[in-house]
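Please open the model in your viewer and keep the selection panel at hand, since this tour moves from one selection to the next.

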Amino acid sequence: MNELKRNLLMAEQSKTYCPLPFIHSHAGLNGKYKPCCNSDSLFNHWDYHIEKLGYNDWFKHPEMDKLRSDLLTGVKNEMCDVCWRQEETSNTSYRTNYIRKYQNDKIDHKNPKITYIDIKLSNECNLGCRHCDYTNTTQIHKDMIEMEKLEMPLPSQWGRSPGFERRVADKDRNDMYHKQPKKVVDELIELMPNLKHLKVTGGEPTITKEFFRLVQYAVDNDYAKNLNFYITTNGTRFTPDFIEKLQNFKNLYLTVSCDGYGSAYEYIRYPFTWKMFEKRIRVVAEHLKSKEHNIRSISFNCVAQMQNLENISKLENWIWELFGDKASLHVQPHINPSDSTNEPSFLPKHILEKALNDIEITNAKTGYDLKMYTDMLKYMINNHSDKDIFKKYRSKDSLKKMKDALINIDKVRNQDYRKCLGPLTVEWVDSLDV
């Protein structure tokens, strides 16, 4: 048995195997490389600093070698704690999804090589989603400043990060704009001839100069025709000309962040309107009618949160009616940070049960893979009386912080949760005597 076959057999037998660390690099805005974008970032002892190392330097680092060895031999390496936590409540995780996604790729586990780069270009964004933070979008900092002027406490997910503020690229701007160092993008371009996969995220990548630099370079140098291009986007820039430009790539994979339908969408993904978002998404739906299109998937990514659980089934139904089985929906069951005032764990049991019932009815029609989400709901329902969960999310002090954050952000954004959230959620928030 040759070495490649032996490693493939080990991968098949290992209960912790993931293909990404053997082919993949993620460059984050925290100044460090990671095995993947979902990897836990609590590794301050790492020397994976972008300023010190290049892509290949960190990819061959001893700790990366240790990670790959652990994944092949059934050891749960702490770098992958996000997936281990997901698998505690479900047999599905990012890891299991990646195994399925790359099952046909010939990966040499003995000689790992970067063929897939995932880069977070900047935190520049045109939306200020409630569950996000100013390290990921430039739109939130102005709301933070306004809240501080009004002596309102910042919600936990909008807390200031001194480390991030020391790293911001442009100290003169008042929106905490931060982007990758030029050398990181330059090194990516150098690696492009050997890449099979390129993924760009933000912020909102499609509004950045770096995004169009990468696209133009790939097209001009004839690399695009061999490159699978993955874009995580809010979809607000989908126009016929934009989609046509991306037609040059071998395959195009679109992941559209969308956390609600109608008024719930507008409430969370401020300040974009649902009418305009729907118009942009219909451009993609129309493009899919062309026989020559290169879009291999369009996936909608929704973060489950206190403000949208009554609404997710409506979003799923809308996606199905527009795309049918040509699209998919992924509902992220874990929100960061865990003490976010958007956490669905704040909700009472009857709303969780209603959300589960609604999604199961809709999902019976669509067949979208929402197991991670439904497993989360079942776990929350079954453990609703758990003392630790109660103390963290449903004590009077916790509920007060949640409601205050809801109302305070409403004030600085001129919004009203009573007009946007589901009726059961509105009734419950109004009833809270905190």
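Begin by selecting Asp118 together with Lys199 in S4, which stand opposite each other in this predicted model. Widening the selection to strand S4 (residues 197-201) and S3 shows the setting of that pair, for the two strands run parallel and are joined by five bridges. Asp118 also has a partner in another strand, as it is the bridge partner of His26. To follow that contact, add strand S1 (residues 24-27), which is joined to S3 by four bridges and runs parallel with S3.

Now isolate S3 itself, residues 116-120, where five of the five residues are buried, so that the strand is largely enclosed by the rest of the structure. In a regular strand the side chains alternate between the two faces of the sheet. Colouring S3 by side shows that both faces are covered, with Tyr116, Asp118 and Lys120 buried on one side and Ile117 and Ile119 buried on the other.

Next, move along the chain and select strand S6 (residues 251-257), where five of the seven residues are buried, so this strand too is largely enclosed by the rest of the structure. Adding strand S5 (residues 228-233) brings in a parallel pairing with S6 over six bridges, in which Tyr230 can be picked out opposite Tyr253 of S6. Between these strands, trace the chain from S5 through helix H10 (residues 240-245) to S6, a β-α-β crossover that is right-handed.

Finally, select strand S7 (residues 295-303), which runs parallel to S6 and is joined to S6 by six bridges; there, Ile295 of S7 stands opposite Leu252.

Conventions. Residues are numbered from 1 along each chain as its sequence is written. This is a predicted model: local features need pLDDT of at least 70, side-chain atom pairs count only at pLDDT 80 or more; totals for chains, interfaces and linings use all residues. Side-chain values use heavy atoms; hydrogens and water are left out. Buried means under 20% relative accessible area, exposed over 50%, partly exposed in between (1.4 Å probe, protein chains only). Two strands pair if DSSP finds at least two bridges between them. A crossover is right-handed if, with the strands pointing away from the viewer, the path from the first strand over the helix to the second runs clockwise.
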